[in-house]
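Here are some worked exercises for getting to know a structure you haven't met before. Try each task yourself, then read the solution.

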Amino acid sequence: MTSINEQPIPAARPVIGEDEIEAAVRVLRSGRVVQGPEVAAFEEGFSRLVDDRHCVAVNSGTSALHLLLLALGIGPGDEVIVPSFSFAASANAVRLVGADVVFADIEPGSFGLDPAAVEAAITPRTAAIMPVHLYGHPAAMDKLMPIADKHKLAVVEDACQAHAAALNGTPVGAFGAGGTFSFYPTKNMHSLEGGMVTTADAELARTLRLLRNQGMEQRYANEIVGANMRMTDVSAAVGRVQLGKVEGWTEQRRANAAYLDAHITAPAVTTPLVAEGARHVYHQYTVRISGDRDAAMAKLTEAGIGNAVYYPTPIHRLKPYWEPDQKAGRTWDLPETERAAAEVVSLPVHPSLTEGDLERIAAAVNALGENL
């Protein structure tokens, strides 16, 4: 039970400091608040995180995924291979362009797409693979990229939780045809709300810029059918401030995770695995719990330790996907996905944690014991 002198430790704590507030006010006072110099500067700055790829800022991570698929020409008749163990936006973006979602199972360690399962899911209609760098751990890009190259498939990286993550020195967002990032307030860095698409292809970047701005590069000279998915300069200004801090925050997250790795010893709890060559940035510190997960979470909550399950229901079991598949007589064999959804719990790892907070988290987890 939480002591009267101990405040609960939140699972996440968005940072909005004086620097962010001052940047937002500066832009508001300027009168240039949409798709202006702050957005361009944010795009230029973010490119340094992704091996200097072209960067196109948009209004959310979901918009980033949606526009990238559109720009690649993926649509009706195409299939995109997606993990079911992810946030629904990963699959929703595929549905929004009219393509079909094909779910593949995950690796138990990284929670990313299992390359063997991806290979088995490829059909003549497959147009793209969408690896999700879940919780900040890079997917097995060293194995997925050769599969994509062999079958001439686009790779659309969902890096919405993985700012500054890398595999064998290559940052996520710099592997495939394009990468996507989210700047939602609970992410490792944010812009109040927003997203970014990254690509090495200049023509693809230009198409993305047209798509986000009603199909226009020049005002009223619409070249293609587009939408309004622009980022505001207020958001970009906040993002630029956060961009200057994200490396320090990342190292703090990694240090916090290392502390928890070293001090969590409860037999019923498995701490996160990290693949060789992976730079895990710990958007979430996600453990597996064997036994009664609900009871364990209740005990953690009683001890004042924030915790949550990401994600309790795999996408293929959500109503918009489950019902059509049932009508079509389609089933998915995803044992690792189902096991992960039944076992995972995310604990606080954010950079605002103190040493005392980390001690409390480890102690509360170890107090779970082995008989849950």
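## Exercise 1: a spot on the outside

I16 is exposed, with a relative accessible area of 51%. Keep in mind as you work that this is a predicted model.

**Task.** Find where I16 lies along the chain, then name the nonpolar surface patch that includes I16.

*Solution.*
- Step 1: Look along the chain. I16 sits in the segment before helix 1, which covers 18–30.
- Step 2: Check the accessibility. Exposed means over 50%, and I16 comes in at 51%.
- Step 3: Collect the patch. I16 joins I21, V25 and L192 in a nonpolar patch on the surface, and together they have about 310 Å² of accessible area.

## Exercise 2: a helix on the inside

**Task.** Work out how many of the 11 residues of helix 8 are buried, and which helices those buried residues pack against.

*Solution.*
- Step 1: Find the helix. Helix 8 covers residues 233–243.
- Step 2: Go through its residues. The buried ones are D233, V234, S235, A236, A237, V238, G239, V241, Q242 and L243.
- Step 3: Count them. That's 10 of the 11, so helix 8 is largely enclosed by the rest of the structure.
- Step 4: Look at the partners. The buried residues of helix 8 pack against helix 1, helix 2 (37–46) and helix 9.

## Exercise 3: an arginine without a salt bridge

**Task.** R253 is buried yet has no salt bridge. What does the side chain of R253 reach?

*Solution.*
- Step 1: Place the residue. R253 belongs to helix 9, residues 246–263.
- Step 2: Look for an opposite charge. The nearest one is the side chain of E251, 11 Å away, while a salt bridge needs the atoms within 4 Å.
- Step 3: Try the backbone instead. The side chain of R253 reaches the backbone oxygen of Y282 at 2.9 Å.
- Step 4: Fill in the surroundings. Leaving aside neighbours within four places in sequence, R253 is in contact with residues including K187, N188, H283 and P351.

## Exercise 4: unusual backbone angles

**Task.** Most residues other than glycine have a negative phi, and most peptide bonds are trans. Look at Y282, Q214 and the bond from Y310 to Y311 with that in mind.

*Solution.*
- Step 1: Start with Y282. It isn't a glycine, but its phi is positive, about 50 degrees. Y282 is in the loop between strand 11 (278–279) and strand 12 (285–289), and it is buried at a relative accessible area of 6%.
- Step 2: Move to Q214. Phi of Q214 is near 60 degrees, again a positive value in a residue other than glycine. Q214 lies in the loop between helix 7 (202–212) and helix 8, and at 34% relative accessibility it is partly exposed.
- Step 3: Check the peptide bond. From Y310 to Y311 it is cis, with omega near 20 degrees. Y311 sits in the loop between helix 10 (293–302) and helix 11 (319–328).

## Exercise 5: follow the charges

**Task.** The count comes to 20 salt bridges. Trace what is linked by the pairs K150 and E119, R279 and E251, and R288 and E343.

*Solution.*
- Step 1: Take K150 and E119. Their closest N and O atoms are 3.4 Å apart. K150 lies in helix 6 (residues 141–151) and E119 in helix 5 (residues 115–121), so the pair ties together parts that are 31 residues apart in sequence. K150 is exposed at 58%, and E119 is partly exposed at 29%.
- Step 2: Take R279 and E251. Here the closest N and O atoms are 2.5 Å apart. The pair links distant parts of the chain, with R279 in strand 11 and E251 in helix 9, 28 residues apart. R279 is buried at 18%, whereas E251 is partly exposed at 38%.
- Step 3: Widen the view. R279 and E251 belong to a network of salt bridges with E247 and R254.
- Step 4: Take R288 and E343. Their side chains meet at 2.9 Å, N to O. This pair links strand 12 and helix 12 (residues 335–343), 55 residues apart. Both R288 and E343 are buried.

Terms used
Residues numbered from 1 in each chain as written. Predicted model: local features only at pLDDT ≥ 70, side-chain atom pairs only at ≥ 80, totals over all residues. Heavy atoms only, no water. Helix = DSSP H or I, 4+ residues; strand = E, 2+ residues; numbered from the N terminus. Buried < 20%, exposed > 50% of the residue type's maximum accessible area, 1.4 Å probe, protein only. Lys, Arg positive; Asp, Glu negative; His and termini not counted. Polar contact = N/O pair within 3.5 Å; in protein donor to acceptor, adjacent residues only side chain to side chain. Contact = heavy atoms within 4.5 Å. Patch = residues over 30% accessible without salt bridge, like charges linked within 9 Å, V, L, I, M, F, W, Y side chains within 5 Å. Areas by Shrake-Rupley, 256 points an atom, 1.4 Å probe, with all protein chains shown as cover.
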